[in-house]
Amino acid sequence: MKDIAIVAFSQSDCLAHAGVANEVELIMPQLQAVFAQLGLTNARDVDFVCSGSCDYLQGAAFAFVAGVDALGAVPPIKESHVEMDAAWALYESILKIRMGHADSALVYGFGKASSGELPIVLSQQLDPYYLAPLWVDTVSLAAMQARMLLEQGLATERDMAEVVARCRRDAINNRHAQLSGDVSVEALLAADKFVSPLRESDVAPVADGVAAMILCTVEKAREWGVPYAVISGIDHRMETHNLGMRDLTDSPSTRLAAQTAGMSRGPVEIAELYAPFSHQEIILRRALDLGEETAINPSGGVMAGHMMMASGLSRIGEVFRRIASGEISRGIAHATSGPCLQHNLVAVLERA
């Protein structure tokens, strides 16, 4: 089986509102950035392209096709798309390379969530018979999950506030962060409830943004002569869509994905976890059995800026960036999709 490496990554700032800029205008700078890191010219210099987005954000069927304009229409390229976070576009690209159909791939994810009310928009991804007609928003579902966690004594509101305070503090060094700063746990706890038991600070700030990445075989990475990180393992699993049949205080799919990806085969120096609500980081830490020796979300995570459809890929990119710079030797990245941590992907990255 071919070893696969990440060789380039770029993401936009997490913008509360991108204004009049459309998706193509948001995508193009990040594509040019990853091409420049390798001395490439355009998408035709790689063998395969895969994107991740959500048509619900734009309110039109096949809206993702407009994003392809950022690649150039002529000549045609091998291109695909996933209606999920771009971390799953990365997974598809890995399969493409491992099957021998490509040696390199460009992956990107984009979303302009400010066009509508994201918590309500995403309710239409719920079970179409029982849940979607109720228009239950994602924040309310997460609040229900948090309430179960608190009532079972698995976390406290202070624990949740400590997650937010640490992420905001770590995000001070993240130039792409939407929210950062040194805020006390007491100040966070003094705020009014938003959707009980969640305060507004417990909910990741929704952002418009794009992330892009190039991966390839290790042989191709050596040919390009750039620092790279090897994807030594990757796996994704999912829970049932029926929320009443799940233990919302645990994430067995994340645990299984990590085991299958080989997380336990070595030390984990950092873990970038896609936790759009503070209590979900607590659930993920427990599911992955992460101890104090592992730095959690040193970038600030999505609590510093939640780029819908790109934040999962960004978590992988953050680990790659630290390995490529020589800061660490091994780390894991997690991505999620769906309500209450329904779909979960775990990738293990290592220095060559």
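**Notebook: charged pairs and cysteines**

I began in helix α11, where arginine 322 forms a salt bridge with glutamate 318, with 3.0 Å between the closest N and O atoms. The model I am reading is predicted, and I keep that in mind for every entry below. Both partners belong to helix α11 (residues 311-324), and they sit 4 residues apart, about one turn of the helix. I then looked up how accessible each one is: arginine 322 counts as buried at 9% relative accessibility, and glutamate 318 is buried too, with a relative accessible area of 3%. Since buried is taken as under 20% relative accessible area, I entered arginine 322 as buried at its 9% and glutamate 318 as buried at its 3%.

Next I noted a network in which salt bridges with shared partners join Arg166, Asp170, Glu281 and Arg285.

I turned to helix α8 for another pair, and found lysine 220 in a salt bridge with glutamate 223, the closest N and O atoms lying 3.4 Å apart. Lysine 220 and glutamate 223 are separated by about one helical turn, because they are 3 residues apart in helix α8 (residues 218-224). For accessibility I wrote down that lysine 220 is partly exposed at 22%, whereas glutamate 223 is exposed, its relative accessible area being 57%.

I also looked up a pair that is not held within one helix: the side chains of aspartate 103 and lysine 2 meet in a salt bridge, at 3.5 Å from N to O. This pair links distant parts of the chain, for aspartate 103 is in the loop between α3 (86-98) and β4 (104-111), while lysine 2 is in the segment before β1 (4-11), 101 residues away. Aspartate 103 counts as partly exposed at 35% relative accessibility, and lysine 2 counts as partly exposed at 32%.

For the tally, my search of the whole structure gave 15 salt bridges.

Last I checked the cysteines, and the structure holds 0 disulfides. Why does cysteine 54 make no bond with cysteine 50? The sulfur of cysteine 54 has its closest cysteine sulfur in cysteine 50, and that lies 15 Å away, which is too far for a bond; a disulfide would need the two sulfur atoms within 2.5 Å. Cysteine 54 is itself buried, at 3% relative accessibility. I found a similar entry for cysteine 167, whose sulfur is 13 Å from the closest cysteine sulfur, in cysteine 14, and so too far for a bond. Cysteine 167 is buried as well, with a relative accessible area of 0%.

Technical notes: Residues numbered from 1 in each chain as written. Predicted model: local features only at pLDDT ≥ 70, side-chain atom pairs only at ≥ 80, totals over all residues. Heavy atoms only, no water. Salt bridge = Lys/Arg side-chain N within 4 Å of Asp/Glu carboxyl O. Helix = DSSP H or I, 4+ residues; strand = E, 2+ residues; numbered from the N terminus. Buried < 20%, exposed > 50% of the residue type's maximum accessible area, 1.4 Å probe, protein only.
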